[in-house]
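Colleague: Got a minute to go through this one with me? I'd like to start with how the chains meet.

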4 protein chains.
Amino acid sequence: MSAAVLHGTRDLRVEQVPLPPPPARGEVQVHIAKVGICGSDVHYFEHGRIGDFVVEKPMILGHECSGVVAQVGEGVSHFKEGDRVAIEPGVPRLSNFASNYYMKQGRYNLCPDIFFFATPPDNGSFCSFVNHNADFCFKLPDNVSLEEGAMIEPLSTGIYAARVAPVKMGDTVVITGAGPIGLMNLLACRAAGATNILISDLVESRLEVAQQIGATATIRGGADELKAAAHEVTNGLGADVSIECAGHPSALRAAIGACRAGGTVVLIGMPPEDSAPINVNDLIVREITLRPIFRYNNTFPTGVELLSSGKVDVKPLISKRFSLAEVPQAFNYVLDNRATCVKAIVDVE
Amino acid sequence: MSAAVLHGTRDLRVEQVPLPPPPARGEVQVHIAKVGICGSDVHYFEHGRIGDFVVEKPMILGHECSGVVAQVGEGVSHFKEGDRVAIEPGVPRLSNFASNYYMKQGRYNLCPDIFFFATPPDNGSFCSFVNHNADFCFKLPDNVSLEEGAMIEPLSTGIYAARVAPVKMGDTVVITGAGPIGLMNLLACRAAGATNILISDLVESRLEVAQQIGATATIRGGADELKAAAHEVTNGLGADVSIECAGHPSALRAAIGACRAGGTVVLIGMPPEDSAPINVNDLIVREITLRPIFRYNNTFPTGVELLSSGKVDVKPLISKRFSLAEVPQAFNYVLDNRATCVKAIVDVE
Amino acid sequence: MSAAVLHGTRDLRVEQVPLPPPPARGEVQVHIAKVGICGSDVHYFEHGRIGDFVVEKPMILGHECSGVVAQVGEGVSHFKEGDRVAIEPGVPRLSNFASNYYMKQGRYNLCPDIFFFATPPDNGSFCSFVNHNADFCFKLPDNVSLEEGAMIEPLSTGIYAARVAPVKMGDTVVITGAGPIGLMNLLACRAAGATNILISDLVESRLEVAQQIGATATIRGGADELKAAAHEVTNGLGADVSIECAGHPSALRAAIGACRAGGTVVLIGMPPEDSAPINVNDLIVREITLRPIFRYNNTFPTGVELLSSGKVDVKPLISKRFSLAEVPQAFNYVLDNRATCVKAIVDVE
Amino acid sequence: MSAAVLHGTRDLRVEQVPLPPPPARGEVQVHIAKVGICGSDVHYFEHGRIGDFVVEKPMILGHECSGVVAQVGEGVSHFKEGDRVAIEPGVPRLSNFASNYYMKQGRYNLCPDIFFFATPPDNGSFCSFVNHNADFCFKLPDNVSLEEGAMIEPLSTGIYAARVAPVKMGDTVVITGAGPIGLMNLLACRAAGATNILISDLVESRLEVAQQIGATATIRGGADELKAAAHEVTNGLGADVSIECAGHPSALRAAIGACRAGGTVVLIGMPPEDSAPINVNDLIVREITLRPIFRYNNTFPTGVELLSSGKVDVKPLISKRFSLAEVPQAFNYVLDNRATCVKAIVDVE
């Protein structure tokens with residue numbers, strides 16, 4: 001079958017790789033249909049690594065995907081051939097004490113040993129077929145397209161952020177960064193009932209998209225403007241929740257500054273340097289909780305519901321479509337159009 | 001000034017009563033504009049009592065109200081004459097150890113000593129002017145009418161139920177009883193992101209209203225039909241949350257039956273007899289929590305946000321309007337049209 | 001090997017059964033050392049069933065157990081031969097959608113498909129060897145005996161109750177029923193920092209044990225006495241948490257009555273008839289949550305810590321010891337001495 | 001009456017000041033008995049300010065206090081002359097929108113307008129009599145001395161930290177900093193059921209006190225040693241909760257490093273410079289929540305319970321006693337003996 005394999009920095013090749021074996025017990029084999037290109041895919045493409053995760057041998061990229069069940073492994077009762085599914089890319093390997101500890105507590109995203117599409121050394125899903133644990137596949141209802149299904153993965157970050165914050169109906173939320181992650185958070189916060197959603201970025205075109213999908217205010221400015229805007233709509237209290245998606249210390253400062261006393265700042269964006277200066281005394285005096293999140297757990301059923309009910313519409317975020325053969329061009333396109341390309345989707349079939 | 005005073009069972013008179021004194025320190029005087037008629041008002045009208053609360057001397061009815069600030073008491077900095085406000089009818093009296101205990105914990109609805117409009121012996125707001133603690137008045141933005149403002153009180157029950165359950169985005173919720181309280185809960189659950197909202201009642205006309213305001217399924221049937229409907233949309237799990245608004249043991253049974261293992265049943269409806277038979281073993285084996293709620297706390301700011309943002313539209317629930325002089329007829333109308341009259345509003349001015 | 005097999009009502013035989021096969025992947029084979037006799041074991045012995053669970057073919061009883069690892073299956077890295085372990089008797093079978101749903105959320109006790117020692121048709125652990133999922137075995141430190149290790153299972157109910165309530169330091173807790181479950185809850189509540197623990201029962205000898213292990217008040221009386229006692233130590237508020245362990249409607253009424261407004265009543269005891277009359281209006285007016293619990297999850301690591309640290313001492317609850325050959329007599333002894341026998345332990349070796 | 005008044009840096013004078021007027025409605029007048037010397041008192045003494053709080057006119061110091069009710073104001077029903085009380089030093093002034101917002105939610109410590117003993121410009125309690133809101137006075141049972149009562153204030157920080165973390169029974173807790181606040185946290189964590197409490201400091205004498213009052217391990221070392229020690233007792237997971245009490249960036253780093261994935265680091269210590277470098281990526285990848293706390297709320301009833309029940313013994317932390325006339329010497333003593341003086345108590349009578 002064809003697959004988009006990363007061989008080295010900026011060396012992404014569409015080539016033939018062996019078909020997977022029949023699905024093992026508890027697995028399904030999925031014929032991949034749509035795969036979104038994520039910032040992390042692009043980061044591997046550009047740098048060959050993300051932090052400690054280094055691409056040391058050729059690796060198939062891609063982890064935001066949907067497809068159609070092609071084969072059903074033994075012991076799987078809730079899927080049949082032809083079922084359309086969204087795929088949750090991370091499956092804990094319950095091979096050690098700590099992985100099990102987190103699994104048994106329902107926080108499986110923290111398992112130290114986890115299979116994850118396109119995280120070295122695990123291959124991703126820019127290919128025709130994958131075998132995957134059936135419990136991490138989620139049936140799509142008829143009114144959710146495979147393209148939408150592939151967007152549940154990036155939407156999951158927003159769902160998880162809104163859940164753990166938590167964002168409640170009537171809340172005022174500040175989002176720093178209007179890239180794909182920030183926009184997905186915007187959609188999730190709206191679905192969770194937030195009535196004021198303020199989003200900041202330095203790039204005007206991104207803010208325009210934000211406005212189209214429901215931001216109540218867009219701020220192209222710094223911490224002071226964001227704080228002023230948040231205070232204006234909250235009687236001077238500040239945001240109930242800030243969600244930092246930009247991955248820059250200045251955005252983190254702005255997110256904290258715009259948050260009310262007793263509020264929560266969700267941390268998603270990873271700054272280029274590990275360390276950021278944080279005003280600890282301000283956090284203490286205003287009792288502002290920093291709640292970092294790593295990926296997500298138990299979000300896919302929610303994602304399916306939000307799309308199926310129409311509470312969330314991800315379609316406006318699809319900027320561009322490519323075929324599997326065009327994946328290398330797609331990556332270069334995304335790299336060259338960061339300001340305007342929200343989500344590029346690859347049609348694998 | 002004029003006021004609608006209950007003198008005895010079915011003896012409600014619009015008569016002249018003295019104006020209130022100037023507002024005390026911390027109070028505002030509000031010129032009442034709109035007052036909704038609540039089931040509890042009607043219950044006092046019909047029976048002269050609700051449980052242990054007995055109307056022993058003439059009492060002004062009415063507690064779902066909005067108005068315009070007419071005078072500002074000393075020490076009140078956040079209101080000025082002319083401000084349009086919704087009024088939260090219950091104000092804790094911090095006169096004893098237990099009231100203070102609950103106040104300091106933010107659960108002021110549980111204070112054993114609380115002033116509450118139209119709860120004997122406290123007068124209500126079917127009258128031209130009331131003095132009220134400014135901290136329990138909430139400014140209405142320009143885009144929220146006084147009529148909508150008067151609806152925040154009944155909406156509060158729904159907001160509080162959805163918050164404590166909690167109802168989360170993507171949830172399936174079952175509501176038993178499509179009277180005013182059930183419908184308000186429906187609106188709140190939608191705002192909180194519920195994607196499936198199933199509501200049951202025995203009266204078809206009520207279910208039609210429910211459908212108009214967003215129910216995803218209406219069930220005119222018993223426990224079995226409700227459970228089947230809830231299971232159908234949840235892969236056989238059942239509802240995340242059930243909200244019992246009917247106040248009948250059979251509805252409570254249906255609410256529990258339709259709820260999934262590990263879910264929560266919010267109890268709002270008070271059965272005519274205190275005691276209801278509950279299948280304790282079923283609750284245990286399926287670990288279903290019963291979470292009763294009494295009135296609400298900290299809901300008015302949320303209510304203002306939901307109306308102002310358009311997340312909730314209460315206008316379709318207004319069935320009929322009356323003047324203050326017509327209040328006695330209004331009560332009789334409500335009594336005679338329980339199946340079709342959702343909310344009757346009195347224009348006090 | 002020898003095993004205590006239930007063949008029918010009151011027909012419990014110690015007989016030879018085949019040894020288990022070598023442990024499968026992910027399992028360990030445990031040489032059972034100590035097994036406690038639980039009320040549910042006795043119930044099967046006496047009635048041949050518990051609710052819908054009917055003993056239809058010979059079944060080995062016993063599920064409160066500890067032992068020594070005899071063989072380690074493939075893929076198990078955190079155990080070695082000779083490790084002393086406590087065994088969590090319930091292991092979810094991840095064979096269907098719903099079981100997985102609950103597992104992924106960390107509420108695996110709610111999985112509809114679960115292996116559980118001595119719950120028909122699954123055999124229990126009154127025998128020399130069992131194979132068990134290694135992730136549900138917990139290493140005992142040197143200072144925790146195998147006998148204590150076997151007590152972690154019944155202690156788990158108390159740990160779970162105190163966790164979900166939650167019981168917090170400084171709390172006043174009321175426990176209804178001073179049988180083994182009530183006493184285990186008492187120990188757990190003490191460990192969680194409760195400062196007043198009031199326990200009620202009709203049997204004086206049980207209350208004496210309760211007093212020895214830390215009850216601050218014992219009440220041999222009804223709802224009025226219990227409420228009065230709870231009010232006396234809480235400035236008239238009532239208990240923060242009540243835990244119903246007696247399984248009688250009158251005890252449930254007493255547990256609710258002694259609880260403060262806004263408090264929680266944990267339901268553990270299963271009444272002989274499914275249905276109990278509950279004063280729903282009282283629950284609502286005082287906003288008292290009923291929180292039923294079914295078995296427990298994630299309690300064994302806590303149990304090991306509590307025993308090892310000395311925060312909990314279960315040894316005073318061991319009333320009597322038997323050998324495996326004496327298991328039938330042991331069951332009859334327990335049946336005949338319900339008032340005085342807290343926990344009988346069988347030494348399997 | 002006599003009072004210890006701070007006139008300027010290191011200029012603390014015991015002098016005559018006017019008696020307070022009779023207590024107002026809702027107040028009691030308390031004859032002060034015991035007052036502890038807090039680090040913040042000493043900081044004002046040494047520097048004349050703490051952050052934005054500047055001593056601009058003479059101010060009575062002291063806020064950790066207990067006393068005897070001397071007069072009861074109107075409307076106070078739960079106190080009488082002669083009652084022994086602990087005094088919570090902060091009383092919200094409900095004079096504006098934001099203060100009310102936080103009060104109504106039970107998070108009154110976040111009210112922007114709050115009276116607080118010895119926080120400029122509010123006078124403290126190193127004097128014979130104070131008038132105080134009765135709802136912030138707490139009756140001491142007979143078995144709690146006035147000296148212990150004065151310790152409830154510093155203990156409150158520990159109670160609040162353990163509550164919000166939350167510290168649960170069986171938890172492993174790491175505390176950085178074994179000064180008075182660290183030691184109070186140690187006591188509270190023990191009471192909350194923590195079974196491993198590791199505490200670090202650079203000063204051996206403080207660690208000795210920590211060991212005497214229940215630390216299970218004391219670490220005189222850096223982040224690596226602390227992490228290793230936490231991992232050793234948790235099967236390699238790390239601490240459930242870390243509590244940073246030292247107020248140094250290196251201690252914060254150590255507290256984070258010793259915490260397990262998914263755990264919480266409570267921030268109490270305020271670093272001398274507002275800003276500290278924090279490894280945001282590590283927080284994200286391990287999903288470690290930073291939960292700062294500012295003072296406390298609703299802790300005094302818990303504190304009274306913990307002392308009265310014997311769950312907490314604060315007496316070993318009293319290093320030295322002084323009379324009111326000796327307060328200036330007491331402050332110098334505390335300054336000169338930071339390593340060994342945990343808590344100095346002033347006997348005001």
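Modeller: Sure. Keep in mind that this is a predicted model. Let's begin with chain D and chain B: six residue pairs are in polar contact across that interface, both residues at pLDDT 80 or more.

Colleague: Which element gives the most to chain D's side there?

Modeller: That is α2(D), with four residues.

Colleague: And how many salt bridges between chain D and chain B?

Modeller: Zero. By class, the side of chain D that touches chain B has six nonpolar, nine polar and two charged residues.

Colleague: How many residues are in contact, and what area is buried between the two?

Modeller: 17 residues of chain D contact 17 residues of chain B. The buried area is about 1300 Å². Carbon and sulfur atoms give 51% of that area.

Colleague: OK, switch partners. What area do chain D and chain A bury between them?

Modeller: About 3500 Å², with 60% of it on carbon and sulfur atoms. Three residues supply 20% of the area that chain D buries against chain A: Asn281(D), Ile284(D) and Glu287(D). No other three residues supply more.

Colleague: How many residues are in contact there?

Modeller: 41 of chain D, with 41 of chain A.

Colleague: What about polar contacts and salt bridges across the chain D and chain A interface?

Modeller: There are four salt bridges. Residue pairs in polar contact number 23, both residues at pLDDT 80 or more. On chain D's side, the elements that give two or more residues are α2 (97-104), β17 (259-267), β18 (275-279), α9 (280-285) and β19 (289-292). That side has 25 nonpolar, eight polar and eight charged residues.

Colleague: β18 is on that list. How does β18 of chain A run relative to β18(D), parallel or antiparallel?

Modeller: Antiparallel. Five bridges join β18 (residues 275-279) of chain A to β18(D). Within that pairing, Asn279(A) stands opposite Ser275(D).

Colleague: Back to charges. Which residue does Glu287(D) form a salt bridge with?

Modeller: Arg107(A), and the closest N and O atoms are 3.1 Å apart. This pair crosses between chains. Glu287(D) is in the loop between α9 and β19 of chain D. Arg107(A) is in the loop between α2 (97-104) and β10 (114-116) of chain A.

Colleague: Is Glu287(D) buried or exposed?

Modeller: Buried, because its relative accessibility is 0%. Its partner Arg107(A) counts as partly exposed at 23%.

Colleague: Why would such side chains pair at all?

Modeller: Side chains of opposite charge can pair when their charged atoms come close.

Colleague: How many salt bridges are there over all chains?

Modeller: The count comes to 80. One of them, within chain A, joins Glu46(A) and Arg10(A), with the closest N and O atoms 3.5 Å apart.

Colleague: What does that pair tie together?

Modeller: Parts that are 36 residues apart in sequence, because Glu46(A) lies in helix α1 (residues 39-47) and Arg10(A) in the loop between β1 (2-8) and β2 (11-16) of chain A. Arg10(A) is partly exposed, at a relative accessible area of 47%.

Colleague: Which residues share a salt-bridge network with Arg10(A)?

Modeller: Glu46(A) and Arg338(A); salt bridges that share partners join these residues and Arg10(A) into one network.

Colleague: And what does Asp347(A) bridge to?

Modeller: Lys34(A), with the closest N and O atoms 3.1 Å apart. The two are 313 residues apart: Asp347(A) is in strand β21 (residues 343-347) and Lys34(A) in strand β3 (residues 27-36) of chain A. Asp347(A) counts as partly exposed at 28% relative accessibility. Lys34(A) is buried, with a relative accessible area of 15%.

Colleague: New topic: Asn196(B). Where is it?

Modeller: In strand β14 (residues 196-200) of chain B. Asn196(B) counts as buried because its relative accessibility is 12%, and the cut-off for buried is under 20%.

Colleague: What does its side chain make a polar contact with?

Modeller: The side chain of Thr172(B), at 3.0 Å.

Colleague: Which other residues does Asn196(B) touch?

Modeller: Leaving out residues up to four places away in sequence, Asn196(B) also touches Asp171(B), Val173(B), Thr216(B) and Val233(B). From chain A, Glu305(A) is in the list as well.

How values were computed. Residues are numbered from 1 along each chain as its sequence is written. Chains are lettered from A and ligands numbered from 1 in the order in which they are written. This is a predicted model: local features need pLDDT of at least 70, side-chain atom pairs count only at pLDDT 80 or more; totals for chains, interfaces and linings use all residues. Side-chain values use heavy atoms; hydrogens and water are left out. Contact means heavy atoms within 4.5 Å. Buried area is the accessible area (1.4 Å probe) that two parts lose on being put together, summed over both. A salt bridge is a side-chain nitrogen of Lys or Arg within 4 Å of a carboxyl oxygen of Asp or Glu. A polar contact is a pair of N or O atoms within 3.5 Å; within protein, one must be able to donate a hydrogen and the other to accept it, and residues adjacent in sequence count only if both atoms are side-chain atoms. Ala, Val, Leu, Ile, Met, Phe, Trp, Tyr, Cys and Pro count as nonpolar, Asp, Glu, Lys and Arg as charged, and the others, Gly among them, as polar. Two strands pair if DSSP finds at least two bridges between them. Buried means under 20% relative accessible area, exposed over 50%, partly exposed in between (1.4 Å probe, protein chains only).
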